[in-house]
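Please open the model in a viewer and keep the sequence at hand. The tour below proceeds by selections, one stop after another.

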Amino acid sequence: MAYKIPFNKPGLAGDELRYVQEAIQDGHISGDGRFTKKCESLLEQTLGVPRVLLTTSCTHALEMAALLLDIQPGDEVIVPSFTFVSTVNAFVLRGARPVFVDIRPDTLNMDEGRLEELIGPQTKAIVPVHYAGVACEMDEILRIAERHGVQIVEDNAHGLFAQYNGKYTGTLGALGTQSFHETKNFMCGEGGALLINDPALLERALVLREKGTNRNRFFRGQVDKYTWVDVGSSYVPSDLLAAFLYGQLEARDRIQCARQRIWNKYRQSLGEWAERHGVRLPIVPQGCDQSYHMFYLLMPSLEERQGLIAHLKDRDILSVFHYVPLHLSEMGIAWAGGAADCPVTVDVSDRLLRLPFYNDLSEKEQCDVVDAILSFYR
Ligand SMILES: Cc1ncc(COP(=O)(O)O)c(C=O)c1O
């Protein structure tokens with residue numbers, strides 16, 4: 001069913017269609033063409049990352065990360081229970097056991113204070129997810145990881161161009177992953193990127209991404225033919241998608257400006273109402289420059305959350321809940337043994353509601369959403 005005001009709406013921000021046409025005219029629409037390289041260097045330069053590789057999704061970037069860290073059956077990986085399934089599945093695919101950590105009640109990010117009790121001899125990696133593009137407590141997470149010789153993979157699906165104490169999220173661990181799915185700030189339908197912050201991981205990443213071949217070395221003239229040298233898969237996106245994405249990335253200032261305006265308007269228009277009714281709005285700690293990816297409400301109860309979804313639906317507005325605790329899912333219980341203790345995740349999952357948020361959300365549409373919310377408790 002189509003809503004008058006949907007939760008998300010993909011749109012154009014600049015020259016996406018012209019670039020798609022150029023890619024076709026160039027005669028190169030498979031992977032690693034001109035636009036793939038343009039996106040990668042734009043991201044490398046803006047974020048100050050040694051190497052960025054576009055991938056077919058953030059899910060696939062996470063899968064590459066698990067392969068690059070050589071995750072094996074029996075290894076353990078610490079992940080929040082409050083996340084998308086891919087954060088965990090990428091490591092479970094390699095046979096690792098997920099160890100679920102609860103989230104902080106303020107930012108809904110992994111609770112760094114609970115990490116050390118979960119680290120054991122089998123722990124290979126910690127995967128912080130910067131929820132809603134607000135950074136995790138990375139100083140402490142990095143300190144803990146270093147103390148225990150554990151790698152960090154940042155799932156930065158929500159957080160492109162967010163910062164933590166002046167540094168871009170996704171650039172702080174050995175690897176970072178991005179999503180360009182249609183629900184993200186910058187989109188190409190389905191797409192992602194792997195930020196390779198540890199240059200020692202680059203050569204193998206190029207092989208894994210090219211079906212386990214040394215095709216990339218061949219094109220660099222370093223071998224005279226290319227062949228099968230490792231495991232791998234097809235993680236390179238079409239240049240058609242990269243062309244679309246380049247149009248979006250070029251318009252990043254305009255996109256982020258529009259999203260900041262939308263976020264601030266929700267915050268200003270709903271602040272007093274939220275306080276009056278015990279509704280919690282997003283918290284952005286000092287030192288965090290968020291990505292303006294999402295605006296959520298933490299309603300006082302599950303009943304009120306469901307009530308507000310229905311109230312908005314009656315007014316033709318789609319609002320949606322978010323992650324369901326992974327430690328309580330069928331797979332979570334089977335793989336993690338059901339021992340995880342994540343009360344904040346369970347509570348937040350019941351009460352969280354995301355409001356319509358997309359680059360082209362008009363002032364009129366946003367006023368309608370706000371008015372509908374303000375009439376809920378009347
Ligand atoms: C935290 C997180 N990680 C990973 C993903 C997967 O992204 P993709 O759809 O690009 O595979 C998502 C999807 O929204 C997500 O929310």
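Begin by selecting alanine 125 and glutamine 151: the latter, in strand 5, is the bridge partner of alanine 125. The model in view is a predicted one. Now extend the selection to the whole of strand 4 and strand 5, which pair in the parallel sense over two bridges.

Next, add strand 2, residues 76-80. Three bridges join strand 2 to strand 4, and these two strands also run parallel. To find one point of this pairing, select isoleucine 78, which stands opposite isoleucine 126 in strand 4.

With these strands displayed, select residues 138-148. This is helix 5, which lies across strand 4 (123-126) and strand 5 (151-155). The direction of helix 5 makes an angle of about 150 degrees with strand 5.

Now show the whole sheet to which these strands belong. It is an open sheet of seven strands in the order 1-9-8-5-4-2-3, and its pairing is mixed. Which strands stand at the edges? They are strand 1 (51-55) and strand 3 (97-101); each has a single partner strand, so one side of each is left without a neighbour in the sheet. On average, neighbouring strands of this sheet are turned by 25 degrees against each other, direction ignored.

For an antiparallel part of the sheet, select residues 175-179 and 192-196. These are strand 8 and strand 9, which run antiparallel and are joined by five bridges. Within them, glycine 176 can be found opposite leucine 195 of strand 9.

The next stop is the ligand. Select the 15 residues around the ligand; those that come nearest are Thr59, Asp155, Ser179, Lys184 and Tyr323. Then display three polar side chains in turn:

- Serine 179 has a polar side-chain atom 2.7 Å from an oxygen atom of the ligand.
- Lysine 184 places a polar side-chain atom 2.8 Å from an oxygen atom of the ligand.
- Histidine 158 has an N or O atom in its side chain that is 2.9 Å from an oxygen atom of the ligand.

How much of the ligand does the protein bury? Taken alone, the ligand exposes 400 Å², and the protein buries 92% of that.

Turn now to the aromatic rings, of which the structure holds 17 pairs. For one of them, select phenylalanine 161 and phenylalanine 186: the ring centres are 5.4 Å apart and the planes stand at 85 degrees, so the pair is edge-to-face. This pair links distant parts of the chain, 25 residues apart. Phenylalanine 161 is in the loop between strand 5 and strand 6 (163-164), while phenylalanine 186 is in the loop between strand 8 and strand 9.

The last stop is another sheet. Select strands 7, 6 and 10, which form an open sheet in the order 7-6-10 with antiparallel pairing. Strand 7 (167-168) and strand 10 (288-289) are at the edges, each with a single partner strand, so one side of each has no neighbour in the sheet. Strand 6 pairs with strand 10 over two bridges in the antiparallel sense. To end the tour, select glutamine 163, which stands opposite aspartate 289 in strand 10.

Methods: Residues are numbered from 1 along each chain as its sequence is written. This is a predicted model: local features need pLDDT of at least 70, side-chain atom pairs count only at pLDDT 80 or more; totals for chains, interfaces and linings use all residues. Side-chain values use heavy atoms; hydrogens and water are left out. Two strands pair if DSSP finds at least two bridges between them. Helices (H or I, at least four residues) and strands (E, at least two) are DSSP runs, numbered from the N terminus. Axes are lines fitted to C-alpha atoms, for helices over the stretch in contact, and angles run from 0 to 180 degrees between N-to-C directions. Contact means heavy atoms within 4.5 Å. A residue is near a molecule or strand if one of its heavy atoms lies within 4 Å of it. A polar contact is a pair of N or O atoms within 3.5 Å; within protein, one must be able to donate a hydrogen and the other to accept it, and residues adjacent in sequence count only if both atoms are side-chain atoms. Accessible areas come from the Shrake-Rupley method with a 1.4 Å probe; for residues, only the protein chains shown count as cover. Rings of Phe, Tyr and Trp (its six-membered ring) pair if their centres lie within 6.5 Å; planes under 30 degrees apart count as stacked, over 60 as edge-to-face and the rest as tilted.
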